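Here are some short exercises to work through with the model open beside you. Try each task by yourself before reading the solution.

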Amino acid sequence: AFNSSDIPRLDASTEDQLAVSPPSTLNYGRYRVQYRVSGTTSWTTAGTIAYDGSALVITDLADGEQYDVRLRQETEHTLDAYAAPLTAVTLLPAPGVDATALSPTAVDVAIADNADNEDDYVIERTRLPAGDGSDAWPPDQLAVLAPNPTTYEDDTAPPATALRYTATVRTEHVKSSTTDTVTTPEVAGVQ
């Protein structure tokens, strides 16, 4: 079993992957690595890492999902019990967002869906009276969209106003956001 000062390390900083770095407890043998989606019962063996190995990378994982990972020490003479699992949430890539004023009261928000496991998207609009966000109003939630959106049209935008649009992709474990700003034109003939 592992000593608490020398536990395995999980790195979820690359999309669709989880890297498992072994502790330096062993001076012989290997570590067997298993993983599962948190809350499920079935474990999948990812492979083994030599006692002096650097890391094992588990690939093809879902974005923004929570995984349990456990290791056990093995030699040709003995198999230890699996240590208590560690938990990590995989990276959820931020969406791309491009806000374009279509008219004084309409803004098209184009969304580049970069995630593959999202629950939904939230679209928010914030007024920027000073134009730079220094005295921004609280955001208004405009919509909650189903997975894989490509666009959202805001037909309630205030004219002649600097606006920040935020698209937030969410799973039950994590969220990730991107923003873009746009200024709506004045209504023709109004000053």
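**Exercise 1. The salt bridges**

Task: In this predicted model, how many salt bridges does a search of the whole structure find, and which residues are linked in a network of them?

Solution:
- Step 1. Start with the total: the whole-structure search turns up seven salt bridges.
- Step 2. Look at Glu74 and Arg30, whose side chains meet in a salt bridge with an N to O distance of 2.9 Å. Glu74 belongs to strand β6 (residues 66–74) and Arg30 to strand β3 (residues 30–37), so this pair links distant parts of the chain, 44 residues apart.
- Step 3. Add Arg72, which forms a salt bridge with Glu74; here the closest N and O atoms are 2.8 Å apart.
- Step 4. Put the pieces together: Arg30, Arg32, Arg72 and Glu74 are linked in a network of salt bridges.

**Exercise 2. Buried or partly exposed?**

Task: Sort Glu74, Arg72 and Arg30 into buried or partly exposed, using their relative accessible areas.

Solution:
- Step 1. Recall the cut-off: buried means under 20% relative accessible area, exposed means over 50%, and partly exposed lies in between.
- Step 2. Glu74 has a relative accessible area of 2%, so Glu74 is buried.
- Step 3. Arg72 is at 17%, and therefore counts as buried.
- Step 4. Arg30 is at 32%, so Arg30 counts as partly exposed.

**Exercise 3. The surroundings of Asp68**

Task: Find the strand that holds Asp68, then work out which side chains make a salt bridge or polar contacts with the side chain of Asp68.

Solution:
- Step 1. Asp68 sits in strand β6. With a relative accessible area of 9%, Asp68 is buried.
- Step 2. The salt-bridge partner is Arg36, with 3.1 Å from N to O. Arg36 lies in strand β3 and Asp68 in strand β6, so this pair ties together parts that are 32 residues apart in sequence. Both Arg36 and Asp68 are buried.
- Step 3. Now the polar contacts: the side chain of Asp68 is joined to that of Ser38 at 2.8 Å and to that of Thr87 at 3.0 Å.
- Step 4. Widen the view to the residues that Asp68 touches, leaving out those up to four places away in sequence; among them are Gln34, Tyr35, Gly39, Trp43, Pro85 and Leu86.

**Exercise 4. The hairpin of β3 and β4**

Task: How many bridges join β3 to β4, and which residue of the hairpin takes a positive phi?

Solution:
- Step 1. Strand β4 covers residues 44–50, runs antiparallel to β3 and is joined to β3 by six bridges.
- Step 2. For a landmark in this pairing, find Gln34, which stands opposite Thr45 in β4.
- Step 3. Move to the six residues between the strands of this hairpin: Gly39 takes a positive phi near 90°.

**Exercise 5. Two open sheets**

Task: Give the strand order of each three-stranded open sheet, and name the edge strands.

Solution:
- Step 1. One sheet has the order β1-β2-β5, with antiparallel pairing. Its edge strands are β1 (9–11) and β5 (56–58), each pairing on one side only.
- Step 2. Three bridges join β1 to β2 (residues 18–21), and the bridge partner of Leu10 in β2 is Val20.
- Step 3. The other sheet runs β8-β9-β12, again with antiparallel pairing. Its edge strands are β8 (96–103) and β12 (151–154).
- Step 4. Seven bridges join β8 to β9 (residues 106–112), and Val97 has Ile111 in β9 as its bridge partner.
- Step 5. Check the turn between neighbouring strands, direction ignored: on average 25° in the β1-β2-β5 sheet and 20° in the β8-β9-β12 sheet.

**Exercise 6. The nonpolar cores**

Task: How many residues does the largest nonpolar core have, and which strand gives the most to this core?

Solution:
- Step 1. The largest nonpolar core has 18 residues, and Val107, Val109, Leu145 and Tyr165 have the most contacts inside it.
- Step 2. Trace the sources: β8, β9, β10 (120–127), β11 (140–145) and β13 (162–170) each supply at least two residues of this core. β13 gives the most, with four residues.
- Step 3. Zoom in on Leu145: beyond four places in sequence, Leu145 touches Ile111, Asp120, Tyr121, Ile123 and Tyr152.
- Step 4. Finish with a second, separate core of 14 residues, which includes Leu18, Tyr31, Ile49 and Val69.

Note on methods: Residues are numbered from 1 along each chain as its sequence is written. This is a predicted model: local features need pLDDT of at least 70, side-chain atom pairs count only at pLDDT 80 or more; totals for chains, interfaces and linings use all residues. Side-chain values use heavy atoms; hydrogens and water are left out. Two strands pair if DSSP finds at least two bridges between them. Axes are lines fitted to C-alpha atoms, for helices over the stretch in contact, and angles run from 0 to 180 degrees between N-to-C directions. A salt bridge is a side-chain nitrogen of Lys or Arg within 4 Å of a carboxyl oxygen of Asp or Glu. Buried means under 20% relative accessible area, exposed over 50%, partly exposed in between (1.4 Å probe, protein chains only). A nonpolar core is a set of buried Ala, Val, Leu, Ile, Met, Phe, Trp, Tyr and Cys residues joined through side-chain atoms within 4.5 Å. Contact means heavy atoms within 4.5 Å. A polar contact is a pair of N or O atoms within 3.5 Å; within protein, one must be able to donate a hydrogen and the other to accept it, and residues adjacent in sequence count only if both atoms are side-chain atoms.
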